[in-house]
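Visitor: I would like a close look at a single part of this protein, taken slowly and with the terms spelled out.

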Amino acid sequence: MSHVDGSMGADVNSVRKRLRRDAAHVAIEIPVPRQGEGQVIDRDLEEEVNLLSRSIGGLSVLSPEATEALVERVSSQFSVDRSRQWWWEGLLGARVIECDTSDGLAALQRLLPQNEALALVVTDDEFPPWIAVSGAWPSLSRMLRETRLFEFFVVPDRLNWIVFSTHDSQLVVAGDLG
C-alpha cells in the first residue's frame, strides 16, 4: 500500500539500499566438488600436454576412455579411495621422498626405470576426469621439463608400483619399484 505523500516509498527505498549494502557482506558458501563434478584439468595445461606429446617422440595421449579405464585399474590395484582428491593420502605401504622443485625430476630420474612403458596421469590437484600420456621415462621427463609444474602420478603397465608427485614437493611411492 502506498501513501500519496510518498512516505512509504521512502521507507521502501531505504530498505532496498540497506539490503544492497548488506548483500555485499554476505558470505557465499561454495560447495567442494566431488569426483566427476566441478573443477576439471586446466584446459591450457591439457592443450600444452597434448601439443608436447605430439612434438616429442615416443609419447601418446590416451583417449578419455582409456584414461578412465587406467584410473579404475589403478584405484583398484592400490585400494585408493576415489572420493579423495589427493590419492596418495591413505595409500597403504607408501613411503615419502622429500624434494624441492629444483630436484624432483632428478629424483624421479634416479627412481624410475628408463626403458619401461609407463603412463603419466596428469591430476593437477583436481578430481577426475584426468588426462594421461604413455611412453618411456626419458620422453615423459622431457615433457615435464617443458611444461609448468603440475601434480601427476606414474605407473608401469604391470601396475606393480605407483609414484605420485605432490603439491608438497614430495614423491609418494607405493608398491614394488625394484
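Visitor: What covers the buried residues of H2?

Guide: This is a predicted model, in which local features need pLDDT (the predictor's confidence in each residue, from 0 to 100) of at least 70, side-chain atom pairs count only at pLDDT 80 or more, and totals for chains, interfaces and linings use all residues. Residues are numbered from 1 along each chain as its sequence is written, and side-chain values use heavy atoms, with hydrogens and water left out.

Helix H2, like the other helices (DSSP runs of H or I, at least four residues) and strands (E, at least two), is numbered from the N terminus. H2 spans residues 43-55, and its 13 residues reach 18 Å from the first C-alpha to the last, close to the 18 Å expected at 1.5 Å a residue, where the expected span is 1.5 Å times one less than the number of residues.

Leu45, Val49, Leu52 and Ser53 are buried in H2, buried meaning under 20% relative accessible area and exposed over 50%, with partly exposed in between (1.4 Å probe, protein chains only). Seen down the axis of H2, these buried residues fall within an arc of 105° and so line one face of the helix, the arc being that of the directions from the helix axis to the C-beta atoms. Their cover includes strand S1 (60-61), S3, strand S4 (131-135) and helix H5 (137-145); S3 comprises residues 118-122 and has the highest mean pLDDT among the elements of the protein chain, 97. On the face turned away from the buried side, H2 carries the exposed residues Arg43, Asp44, Arg54 and Ser55. At the start of H2, a side-chain oxygen of aspartate 42 comes to within 3.2 Å of the backbone nitrogen of aspartate 44.

Notes. Contact means heavy atoms within 4.5 Å. A polar contact is a pair of N or O atoms within 3.5 Å; within protein, one must be able to donate a hydrogen and the other to accept it, and residues adjacent in sequence count only if both atoms are side-chain atoms.
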